[in-house]
Amino acid sequence: MMNLVDITQQFGDKLLYEKINAQINKGEHVGLIGRNGAGKSTLIKIITGEILPDEGQIVVSPKFLVGYLDQYVNVDETLTIQEFLQTAFAEDIAKEAEIIKLYEDYAADMNDKLLERAGKLQNELDQGEFYQMNTLIDELATGLGINILGMDSRLKNLSGGQRSKILLAKLLLEKPDLLILDEPTNHLDDDHVQWLTDFLKDFPGTFLVVSHDQDFLNAVTTHIMDIEFGQLTKYTGNLEKASKQKELRAETYMRQYEAQQTHIKKTEEYIRKYKAGSRSTMAKSREKQLAKVERLTPPSDAPTPNIVFEPVPLVTTLALETDELLVGYEKPLLAPLQLTIRYGEKVALRGFNGIGKSTLIKTLIGEIPALGGSFHFPNHTKINYFSQELAWENPLETPFQYLSNRYPKANNKELRRQLSRSGLSSQLAQQSLKTLSGGEQTKVKLADMTMIKSNFLILDEPTNHIDQATKENLQLALEKFPGTVVVVSHENGFYEDFVDRVIVLGEE
């Protein structure tokens, strides 16, 4: 269905990939993986035509319809959710309108060709899904939790996460031959991730999906494409099977790389030693041979994450109490909350998307006012908060400049150390924030958190963009933190091993 032919892409001094090739065949469910910054989102943009590669081309048969989940596409915000989802059937709606017009014209001039055309179009509608349109919309809206927003709600009143779900629903209704999905689970809660998992497992078509949710990828994929060492490798099997194959391949690659580096160093030493002496002819010959060697790409220079949240002691039994707390904007999203969290307890907040998890957190940190009731933190509580939004006041700043402005008393060595411990290389620390991938920007935010001494960590969807190595290290850091932790995450596998309990919002 799609061929990637000799794709080369470079940003500044960073070579993402060089002459990579791959094929996606009909019916394959392909997961695209790689470390943060490896170029997954860039490859998706090349595939969808958003950017042109430096070299190479994407070949897709014109008979195949490609559908892409674009979180930033412009939409008519005056439409209701129902009206917007009906646009997935725009072609059929146009046919129905043409049939009505044909019958009107026939009544005027009795031309039998108009009846023939109307009959042909009617047959096409009868054989398609047009007359099941509203049923299909209802099923998807329920499955993705869209119906709770109110199908008459206008798009302009939706949050970014809610809008992403609507775009996903429209794409699934369109049933393209090839689906391109970039982080489709980011704004879904557990139940709706499970619904999407079941939908994609049974999906008869072909799709390419980027996701950092390991359980999701493992469940829905039949093949894995992995970007590493500037190359793209395709494996048969789900993520678990591909990981085993990848491990063996990585060991072989490292042996080849180390052997090549040893050979290059020995040859360079020989050339330096004899270039001007009696063996200069031989040395020059070896220099020419060395210039022709196709050098293997060095392993990633990304530092191994080592996140540590600095604690501040607090003598207390209870870390947070709420009394009939009402949260929301114009009206409450939840029934009055009676929450008690003990000091040192690690808690996960769950609940369907849009129920008010982020709103509750923003109320507790003072970003928005409570609508009623009260909440109480003990004196000397130091909150350290991670927001899921990747928004920067000055996106042209580098990560180093950002932290330097935030913490003017910190020395340069300490700032670089925390960026490195969050998994950001020294090269990336000097690039502007807007050029970094979502995962790399998340690492900057985690580095920011490690600069703050606290005793209460609140994290809102911290795993949305980060790679597996960073995710596992973050798990360990939260487990070791002696203070209180409240985490919102749609990934059960991320928090289930370190939390003491799960609070499900919206349940009695």
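Helix H11 (residues 357-364) supplies three residues to the lining of the largest cavity, the largest share of that lining. The model is a predicted one, and the cavity has a volume of about 60 Å³. Around this space sit Leu320, Leu339, Ile341, Leu349, Leu360, Ile361, Leu364, Phe456, Val486 and Ile503. By class, that makes a lining of 10 nonpolar residues, with no polar and no charged ones. How many cavities of 30 Å³ or more does a search of the whole structure find? The search finds three. As background, rolling a probe the size of a water molecule over the atoms shows where empty space is left.

Let us turn to the nonpolar cores. The largest one has 50 residues, and within it Ile81, Leu85 and Ile166 touch the most other members. Helix H6 (residues 160-174) gives this core its largest share, seven residues. There is also a second, separate core of 24 residues, with Tyr17, Leu32, Leu208 and Ile227 among them.

Isoleucine 81 is a good place to look at the contacts in detail. Leaving aside its neighbours within four places in sequence, isoleucine 81 is in contact with Ile146, Leu149, Gly150, Met151, Ser153, Leu155, Leu158 and Ile166.

Helix H6 deserves a visit of its own. Of its 15 residues, 13 are buried, so H6 is mostly covered, buried meaning under 20% relative accessible area. Its length can be checked too: at 1.5 Å a residue, the 15 residues of H6 should span 21 Å, and the end C-alpha atoms are 21 Å apart, which agrees. Just after H6 comes lysine 175, whose phi is positive, near 50°.

Our last stop is leucine 239, which lies in helix H9 (residues 239-274). Is leucine 239 buried or exposed? Leucine 239 has a relative accessible area of 5%, and because buried means under 20%, this residue counts as buried. Not counting residues up to four places away in sequence, leucine 239 touches Ile33, Gln214, Leu217, Asn218, Thr221 and Ile224. Glutamine 401 is 162 residues away from leucine 239 in sequence, and the two C-alpha atoms are 38 Å apart in space.

Here are the three helices met along the way, side by side.

| Helix | Residues | One detail |
|---|---|---|
| H6 | residues 160-174 | seven residues in the largest nonpolar core |
| H9 | residues 239-274 | includes leucine 239 |
| H11 | residues 357-364 | three residues in the lining of the largest cavity |

Conventions. Residues numbered from 1 in each chain as written. Predicted model: local features only at pLDDT ≥ 70, side-chain atom pairs only at ≥ 80, totals over all residues. Heavy atoms only, no water. Helix = DSSP H or I, 4+ residues; strand = E, 2+ residues; numbered from the N terminus. Buried < 20%, exposed > 50% of the residue type's maximum accessible area, 1.4 Å probe, protein only. Contact = heavy atoms within 4.5 Å. Core = buried A, V, L, I, M, F, W, Y, C linked by side-chain atoms within 4.5 Å. Expected span 1.5 Å × (residues − 1). 1 Å grid on protein atoms, 1.4 Å probe; cavity = no way out; pocket = protein on both sides within 12 Å on 5 of 7 lines; lining within 4 Å. Points joined across faces, edges and corners; volume = space filled by probe spheres on them. Nonpolar A, V, L, I, M, F, W, Y, C, P; charged D, E, K, R; others polar.
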